[in-house]
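Biologist: Before I trust any labels on this one, can we go through the terms together? Put it up on the screen, please.

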Amino acid sequence: MRTPRSRRAFGSPLPKPYVLVVAAVLAVFGLWAASGTAPAAVTPTPTQATAGARPDFRLPFACGETWQLQTYQGHAPDDKKLDMYRVGGQTLGASVVASAAGTVTELFEPGGLEINHGGGWFSVYLHMDRIDVRLGQQVSSGAPLGRLGLVGTTSAHLHYEQLYDTNGDNNGETDEMVHPVLQGTEYRLSPSGPFPQVTSTNACGGNPAPERFWVDTFADAPGYAAVDCVGDTSPRCAVQGKLLKGTNYVLCKKPGDEVRVGNSYNHWWLLTDLDQVVPGGSGRAYVSAYYLQRWGDDEAKDNEGRDIRLC
């Protein structure tokens with residue numbers, strides 16, 4: 001029982017915060033041109049350390065429910081712990097479900113439990129007033145775990161964490177917490193917002209993720225061998241070719257350097273097979289999700305609105 005984590009997992013009673021929109025005044029950077037130069041230099045987005053095969057974590061609520069993801073200053077760490085509030089329904093009394101298949105390995109206060117998903121991965125859930133699983137029980141993704149209450153908080157919400165066992169002791173510790181990935185999207189929230197609203201695809205059934213995701217692009221996009229090549233003119237970051245505008249398939253997405261043009265930006269990169277390849281280049285490369293026609297800032301979805309899986 002890791003009581004130090006259970007004590008630190010929640011702070012002062014959390015009032016439901018308002019979403020704050022912070023406007024940033026940023027310089028306008030040019031896009032890749034016919035000469036093959038890389039997009040203009042911007043501050044890179046840090047990426048999480050490589051870990052074992054991550055389970056297909058889903059929102060820990062029933063299929064079709066929408067929940068707002070929040071954090072607050074002093075959450076410690078603010079950008080890794082998630083508090084979840086129901087949108088269009090009651091948070092108090094809502095059913096919590098497993099975000100991926102695994103085995104229940106710990107029950108602890110306040111109203112919490114931990115699931116071992118294998119491969120070093122764990123998930124943690126807090127503030128339930130009823131727990132419907134027992135230690136050692138195997139659960140599938142979407143299996144009921146308990147009911148949200150007011151245990152350890154005066155504002156009903158689910159506290160959620162993901163952990164990766166870096167020291168190999170087959171235990172998930174507080175200092176092994178990682179930035180959570182849910183339904184293919186990594187979340188690094190700030191107490192100042194924005195706070196995304198996410199609709200659960202947990203145990204929806206019938207629509208497994210496709211091997212290829214079809215997307216529309218509004219312009220020809222340069223392809224690179226890596227996702228950290230913004231402003232890098234070294235041979236490692238030479239343009240491999242281009243993906244022609246139109247309807248194309250991509251295989252997966254990966255976080256990397258931000259591409260920004262005016263007020264539009266995206267830090268996701270999409271692995272795909274290029275239409276045109278330069279001599280000596282690789283036909284499979286990364287293009288920026290900035291070029292997606294149907295989606296906005298920092299979104300990486302296919303034409304049907306599905307989150308593109310992580311590479």
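Biologist: Which residues point one way from β6, and which the other way?

Modeller: Trp-121, Ser-123 and Tyr-125 go one way, while Phe-122, Val-124 and Leu-126 go the other. In a regular strand the side chains alternate between the two faces of the sheet. Bear in mind that this is a predicted model: local features need pLDDT of at least 70, side-chain atom pairs count only at pLDDT 80 or more, and totals for chains, interfaces and linings use all residues. Residues are numbered from 1 along each chain as its sequence is written, and side-chain values use heavy atoms, with hydrogens and water left out.

Biologist: What makes β6 largely enclosed?

Modeller: Buried means under 20% relative accessible area, exposed over 50%, partly exposed in between (1.4 Å probe, protein chains only). In β6, residues 121-126, 6 of the 6 residues are buried, so the rest of the structure largely encloses the strand.

Biologist: How do you know that β5 and β6 pair?

Modeller: Strands (E, at least two residues) are DSSP runs, numbered from the N terminus, and two of them pair if DSSP finds at least two bridges between them. β5 (residues 112-118) and β6 have 5 bridges, in the antiparallel sense, so they pass. Asn-116 sits opposite Phe-122 there. β6 also pairs antiparallel with β10 (residues 158-164), over 6 bridges, with Val-124 partnering Glu-161.

Biologist: Why is Gln-68 called buried?

Modeller: Its relative accessible area is 10%, under the 20% cut-off, so the label holds.

Methods: Helices (H or I, at least four residues) and strands (E, at least two) are DSSP runs, numbered from the N terminus.
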